[in-house]
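Visitor: Could you walk me through this one? I would like to hear how each number is reached.

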Amino acid sequence: MDSMTHQAPGRVAPGGAAYGTVAKWLHWITAGLMLVALPMGFAIQHVKDASKMPFYAIHESAGVTIFVVVLIRIVWKRISPPPPLDPAIPRPMRVAATAVHHALYAMLLIQPLLGFFMTNAFGFPMRGQTAYLFLIDFPKFMDAAPGLAEWLKTFHVIGGWTILVLLVLHIGAVVFHQAIRRDDTLLRMV
Ligand code: HEM
């Protein structure tokens with residue numbers, strides 16, 4: 001493929017195998033919510049005054065929404081299976097891609113659950129100033145349990161760093177496909 005053709009508009013994914021419109025929307029909604037949840041999560045500990053509360057509310061609302069969107073994605077994946085990866089991509093790379101995708105799905109379900117139960121165990125459920133989207137009070141799930149809360153917090157911190165590593169691998173792979181292999185894998189999802 002010459003450079004003119006390569007740059008031309010209207011390019012298609014390898015083998016014409018792109019994700020469907022619904023899958024693409026769900027993917028980019030997840031990405032947008034992650035852009036809110038992850039930096040806010042890391043930022044919370046550095047906010048010391050009363051403005052901490054909106055940080056919690058926004059972080060927790062984004063996290064709960066991610067959980068719901070990922071559940072919908074899993075159901076949708078069964079209804080409309082993703083297109084197979086380009087067979088020209090070496091098998092170890094395809095295995096690695098699938099492993100990272102599955103790990104991201106798992107972590108984006110586990111992490112919100114850890115956060116949700118942590119806030120409850122701290123006696124600080126999503127109500128009042130930290131209501132879902134500042135509007136919807138969630139029921140109090142359990143009485144405060146400080147010991148359990150500390151454990152859940154430890155796992156939530158580990159989960160945050162794990163997700164960060166997975167995202168570096170995921171986005172790094174996209175950059176690798178576009179810049180090094182130039183195989184237009186990104187076009188499957190845009
Ligand atoms: C995919 C969704 C989520 C991601 C990626 C995420 C990520 C993070 C990260 C990276 C931190 C900072 C950890 C650290 O101190 O190094 C954090 C803190 C926190 N997260 Fe989440 N989180 C998610 C969902 C949730 C949910 C659903 C809730 C509650 C309903 C929640 C509640 C909290 C709280 C309260 C903190 C602050 C803990 C503290 O410093 O006291 N998170 N989160």
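**Around the ligand**

Visitor: By class, how many nonpolar, polar and charged residues does the shell around the ligand have?
Guide: Nonpolar here covers Ala, Val, Leu, Ile, Met, Phe, Trp, Tyr, Cys and Pro, charged covers Asp, Glu, Lys and Arg, and the others, Gly among them, are polar. By those classes, the shell has 14 nonpolar, nine polar and two charged residues.

Visitor: Before we go on, what kind of model is this?
Guide: Residues are numbered from 1 along each chain as its sequence is written. Local features need pLDDT of at least 70 and side-chain atom pairs count only at pLDDT 80 or more, while totals for chains, interfaces and linings use all residues, as this is a predicted model.

Visitor: Which residues are closest to the ligand?
Guide: A residue is near the ligand if its C-beta atom, placed from the backbone, lies within 6 Å of it. In total 25 residues surround the ligand, and the closest are Gly41, Glu60, Gly63, Gly115 and Gly160.

Visitor: Which element gives the largest share of that shell?
Guide: Helices are DSSP runs of H or I with at least four residues, strands are runs of E with at least two, and both are numbered from the N terminus. Two or more shell residues come from each of H2, helix H3 (52-79), H4 and H5. The largest share, seven residues, is from H4.

**The fold and helix H5**

Visitor: How many helices and strands does the protein chain have?
Guide: From the N terminus on, the elements run α-α-α-α-α. The count is five helices and zero strands.

Visitor: How far apart are the end C-alpha atoms of helix H5?
Guide: The expected span is 1.5 Å times one less than the number of residues. For the 36 residues of H5 (146-181), that gives 52 Å, which agrees with the end C-alpha atoms being apart by 50 Å.

Visitor: Which residues of H5 are buried?
Guide: Buried means 20 or more other C-beta atoms within 10 Å of the residue's own, exposed 12 or fewer, and partly exposed in between, with C-beta atoms placed from the backbone. What covers the buried residues of H5 includes helix H2 (21-44) and helix H4 (91-121). The buried residues are Leu152, His156, Gly159, Ile163 and His177.

**A look at His59**

Visitor: Why does His59 count as buried?
Guide: His59 is found in helix H3. His59 is buried because the number of other C-beta atoms within 10 Å is 21.

Visitor: Leaving aside neighbours within four places in sequence, which residues is His59 in contact with?
Guide: Contact means C-beta atoms, placed from the backbone, within 7 Å. With those neighbours left aside, the contacts of His59 are Ala37, Met40, Gly41 and Ile44.

Technical notes. Two residues are in contact if their C-beta atoms, placed from the backbone, lie within 7 Å.
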